[in-house]
Amino acid sequence: MTVLTEGRHTAEYILSEANGHRSREVGTLLAGNKLVPGTVLGRITASSKLTVLTPGASDGSQTAAGVLYDDVDATSADKAAVYTARDSEVKGLALTWPAGISAPNKTAAITALAALGIIVR
């Protein structure tokens with residue numbers, strides 16, 4: 001029998017958010033990324049482009065800046081991406097973290113998200 005694996009769904013990580021689209025923003029996902037909904041994002045300070053959270057970096061991407069709303073394939077070029085930027089509650093188990101993230105780095109990212117009004121439950 002064939003086994004099928006279902007991927008992440010758009011906004012599956014959201015428990016609640018502000019009315020309308022107040023919780024969301026559109027940003028630019030840096031080329032070279034192919035990410036799934038619920039990926040914790042960092043923002044490169046010099047370009048304001050979003051990328052996967054990168055603990056240990058010194059370009060701004062080491063600080064959590066939001067959570068990706070939907071699949072985005074930016075492998076070959078920068079792409080527009082909707083992300084949760086503020087005022088929401090999210091499911092911690094539905095977030096995608098960088099491989100090998102340490103407990104202190106994860107705690108720091110959760111604290112940075114809370115400062116944006118994104119509460120991890």
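The paragraphs below lead through a three-stranded sheet, a residue within it, and a loop residue elsewhere in this predicted model.

A convenient place to begin is the open sheet, whose three strands follow the order β1-β9-β10 and are joined by mixed pairing. The edges of this sheet are taken by β1, which covers residues 14-17, and by β10, which covers residues 118-120; each has a single partner strand, so one side of each is left without a neighbour in the sheet. On average, and with direction ignored, neighbouring strands here are turned by 15° against each other. The pairing of β9 with β10 runs in the parallel sense and is made over three bridges, and within this pairing Glu89 has Ile119 of β10 as its bridge partner.

Strand β9 spans residues 88-90, and Ser88 belongs to it. With a relative accessibility of 5%, Ser88 counts as buried, because that value falls under the 20% cut-off. Once its neighbours within four places in sequence are set aside, Ser88 is in contact with Ser16, Glu17 and Ser23, and also with Gly117, Ile118 and Ile119.

The loop residue Ala77 can be considered next, in the segment that connects β7 (72-74) to β8 (79-84). Its relative accessibility is 38%, and Ala77 therefore counts as partly exposed, a class that lies between the cut-offs of 20% and 50%. Although Ala77 and Asn33 are 44 residues apart along the chain, their C-alpha atoms are separated by 8.9 Å in the model.

How values were computed
Residues numbered from 1 in each chain as written. Predicted model: local features only at pLDDT ≥ 70, side-chain atom pairs only at ≥ 80, totals over all residues. Heavy atoms only, no water. Helix = DSSP H or I, 4+ residues; strand = E, 2+ residues; numbered from the N terminus. Buried < 20%, exposed > 50% of the residue type's maximum accessible area, 1.4 Å probe, protein only. Contact = heavy atoms within 4.5 Å. Pairing = 2+ DSSP bridges. Axes fitted to C-alpha atoms, helices over the stretch in contact; angles between N-to-C directions.
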